[in-house]
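Please walk me through the model shown here, beginning with the packing around one of its helices and moving from there to the cysteines, the enclosed space and the backbone geometry.

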Amino acid sequence: MKHSPITVSGVEVTPLCDAVGPMGPAIRLPLAEMFPGSDPADDQWVLHFHCYLLRDGAGRLTLVDTGIGGEDSPAAGWAPVPGVLTDELAAVGVTPADIGTVVLTHLHSDHASGAVTGGRPVFENARHVLQRAEVDSASGAVSDLLLTPLKDQLHVVEGQAEIAPGIHVQHTPGHTPGHQIARVGDLAITGDLVLHPVQLADPGIHYVYDDDQETAARTRTEVLAALRAERATIATAHFSEPFMRL
């Protein structure tokens, strides 16, 4: 699906739609159960799986999230596979080897599985930025299938950090221990800080699959309040439209 890029503080931000579809039956619940206390207008949640390509004035490329991955992705049990991120990149004239930095908002399978295929890094020339808390909490298949192949390319940060000129990450825990968002000027690429529009209306609404629902709600409330105060734009992972002005 084609979305138009925007330019923020001299950085071109292009949404890439890796996939579109509902959650599979393995984890699908009624929306009122996935977001307890909400009253969604429509019980059918069709997720859009967005990644974001950032191109600065010098032509350096940063990718935020790597999507679902192939048919054998760990996400295959619940998300639409395969993801089409490499096709989306090709459509804007970019190959995986062109990417210099990859920001993984967190290690859930629909955000990070596209970083590795056949046991090898897809973005062979890229640093892969993760929060220390995310790396430290990884275990089992996540560690074996993602972190081990990427071990020589990991760039581990703690808290807020500038990871490329004009591009920062900010630790936003709760959905996972090391969840992070990416900032470019007044744009925030939010990963799973906000999953559904009901959480914009009430940031205190929990999401059933947050690792720590209380921390996630507190983080979401604080971060959205700060973003609203600066009249920022958010770039979301799962809304139908990638950009929204707060």
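In this predicted model, a convenient place to begin is the cover over the buried residues of helix 5, which includes helix 3 (109-112), strand 6 (116-117), strand 7 (120-121), strand 8, helix 4 (132-137) and strand 9 (154-157). Helix 5 itself spans residues 140-150, and the residues that it buries are Leu 146, Leu 147, Pro 149 and Leu 150. As general background for reading such a list, an α-helix has 3.6 residues a turn, so residues three or four places apart point the same way.

One of the covering elements, strand 8, can be followed down to a single side chain, since His 128 lies in this strand, which runs over residues 127-131. His 128 counts as buried because its relative accessibility is 0%, where the limit for that class is under 20%. Its contacts, leaving aside residues up to four places away in sequence, are with Val 102, Ala 115, Phe 123, Leu 150, Gln 153, Leu 154 and His 155; Leu 150 is also one of the buried residues of helix 5. A polar atom of the His 128 side chain lies 3.0 Å from the backbone oxygen of Ala 126.

The cysteines come next. The model has zero disulfides by the distance rule applied. Cys 17 takes part in none, and the nearest cysteine sulfur to its own, that of Cys 51, is 8.8 Å away. Seen from the other side, the closest cysteine sulfur to that of Cys 51 is in Cys 17, and the 8.8 Å between them is too far for a bond, because a disulfide requires the two sulfur atoms to be within 2.5 Å. Cys 17 is buried, with a relative accessible area of 4%, and Cys 51 is likewise counted as buried, at 2% relative accessibility.

As for enclosed space, the count comes to one cavity of 30 Å³ or more, and the largest cavity holds about 40 Å³. Its lining is made up of Thr 172, Pro 173, His 175, His 179, Asp 192, Leu 193, Asp 210, Ala 216, Thr 219 and Arg 220. Sorted by class, this lining has three nonpolar, four polar and three charged residues.

The backbone geometry remains to be considered. Most residues other than glycine have a negative phi, and most peptide bonds are trans. Against that background, Val 81 and Pro 82 are joined by a cis peptide bond, with omega about -5 degrees, and Pro 82 lies in the loop between strand 4 (61-64) and helix 2 (85-91). Asp 65 is found in the loop between strand 4 and helix 2 as well, and its phi is near 75 degrees, a positive value in a residue other than glycine. Arg 231 also has a positive phi, near 55 degrees, and is placed in the loop between helix 7 (213-229) and strand 14 (233-235). In accessibility these two residues fall into separate classes, for Asp 65 is buried, with a relative accessible area of 3%, whereas Arg 231 counts as exposed at 61%.

A last point concerns Glu 33, which lies in helix 1 (residues 31-34) and counts as partly exposed at 45% relative accessibility. The C-alpha atoms of Glu 33 and Ala 133, which are 100 residues apart along the chain, are separated by 28 Å.

Definitions and conventions
Residues numbered from 1 in each chain as written. Predicted model: local features only at pLDDT ≥ 70, side-chain atom pairs only at ≥ 80, totals over all residues. Heavy atoms only, no water. Helix = DSSP H or I, 4+ residues; strand = E, 2+ residues; numbered from the N terminus. Buried < 20%, exposed > 50% of the residue type's maximum accessible area, 1.4 Å probe, protein only. Polar contact = N/O pair within 3.5 Å; in protein donor to acceptor, adjacent residues only side chain to side chain. Contact = heavy atoms within 4.5 Å. 1 Å grid on protein atoms, 1.4 Å probe; cavity = no way out; pocket = protein on both sides within 12 Å on 5 of 7 lines; lining within 4 Å. Points joined across faces, edges and corners; volume = space filled by probe spheres on them. Nonpolar A, V, L, I, M, F, W, Y, C, P; charged D, E, K, R; others polar.
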